[in-house]
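Hi,

Here is the structure I promised to pass on. Have a look at it first, and then read my notes below.

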Amino acid sequence: MAVGFAPCLTYSAGVTFAANPLWLALAGAVLGLLVGSYLATLTLRWPQGRSTATGRSACDGCARPLVWYELVPLLSFALLRGRCRSCGAAIDRRHPTIEIAAAIIGAASLWMYPGIAGLLGALFGWTLLTLAILDAEHFWLPDALTLPLLAAGLAFGLVLDPPLFDRLLGAAGGVALLAGVALAYKAVRGRQGLGGGDPKLFGAVGAWLGWQALPFVLLLAALLGLISVAISLLRGQAPTAQTRVPFGAPLAVAAWVVWLVAPVARHVILQ
């Protein structure tokens, strides 16, 4: 029998949530800051064809290589007041923003699900964060992330809930559903409406969460997309029929939120 994906929850009658130790949440936040620092660099360099494995970090203004104490997540940005200490150029705010987002993912994952489930959920969230950034900024969901994410979701089905069969249905259903929507849209409108990465990402989500979660993820992603459009309208940026709106970004956010709260919601409903 598979081990529960969220070990801080049990589904047998009369058993309640296990304690969520604060120190694990703090450890998740610190780990998230470190991961976020790398992701900020990755999402900046990868679309430019630059490697993150070679070359030292440098100021975008004067190209001076940065020393270690200028690379401490959040702290360096705060102490330097967001500017290079040599040339005074502003440090891109993407760095603290992504670091904070990754820290929240790490802390929330391990707070809600202490142990291996929380760590895996954090890895799931950090990968989705990377995909959300790349899609929002470049309309790009690289196979190098979506396909390994899908494979990992299926592999974990051998030992964790949801069971492998539910994950297989989720992966196949996720890919088929959005691929079908994309084909139908193109047949009706004569142009592409969804990128090729969206079905793969939805398939990866199904591989992690199982087919039962897909309607909730899709609904929340659509809601987030509508909120994004509404914000654009409030800013005076009215979208047109030709305006490109990334769907992978809200899909990624919705997937992690559903992973985080779904077992809790199930527990509350069953009680």
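Let me start with one residue: Trp208 is buried, at a relative accessible area of 3%. Keep in mind that this is a predicted model, so everything here is computed from it.

What does the ring of Trp208 pair with? Its partner is Phe156: the two ring centres are 5.4 Å apart and the planes sit at 70 degrees, which is over the 60 degrees needed, so the pair counts as edge-to-face. Phe156 belongs to helix 5 (residues 143-156) and Trp208 to helix 7 (residues 197-209), so this pair ties together parts that lie 52 residues apart in sequence. Unlike the buried Trp208, Phe156 is partly exposed, because its relative accessible area of 23% is not under the 20% that buried requires.

That is one of the aromatic pairs; the structure holds 5 of them. Another joins Tyr113 and Trp259, with ring centres 5.0 Å apart and planes at 70 degrees, so this one is edge-to-face as well. Where do the two partners sit in the chain? Tyr113 is in the loop between helix 3 (94-112) and helix 4 (116-138), while Trp259 is in helix 9 (residues 248-270). The pair therefore links distant parts of the chain, 146 residues apart.

Are Tyr113 and Trp259 buried or exposed? Tyr113 is buried, with a relative accessible area of 1%, and Trp259 also counts as buried, at 3%. Both values are under 20%, so both residues meet the cut-off. There is a third member here too: Trp256 joins Tyr113 and Trp259 in one aromatic cluster.

One more ring to look at is Phe139. Arg244 lies over the face of Phe139, at 4.0 Å from the ring centre.

Now for the chain as a whole. It has 9 helices and 0 strands, so if you read the elements from the N terminus on, you get α-α-α-α-α-α-α-α-α. Of its 271 residues, 40% are buried. Among contacts with a separation of 6 or more, 71% are between residues 24 or more positions apart. The accessible surface of the chain comes to about 14400 Å², and carbon and sulfur atoms account for 70% of that.

If you want a place to begin, try Tyr113, Trp256 and Trp259, the aromatic cluster, and then go on to Phe156 and Trp208.

Cheers

Note on methods
Residues numbered from 1 in each chain as written. Predicted model: local features only at pLDDT ≥ 70, side-chain atom pairs only at ≥ 80, totals over all residues. Heavy atoms only, no water. Phe/Tyr/Trp six-rings, centres within 6.5 Å; stacked < 30°, edge-to-face > 60°. Helix = DSSP H or I, 4+ residues; strand = E, 2+ residues; numbered from the N terminus. Buried < 20%, exposed > 50% of the residue type's maximum accessible area, 1.4 Å probe, protein only. Lys NZ or Arg CZ within 6 Å of the ring centre and 35° of its normal. Contact = heavy atoms within 4.5 Å. Areas by Shrake-Rupley, 256 points an atom, 1.4 Å probe, with all protein chains shown as cover.
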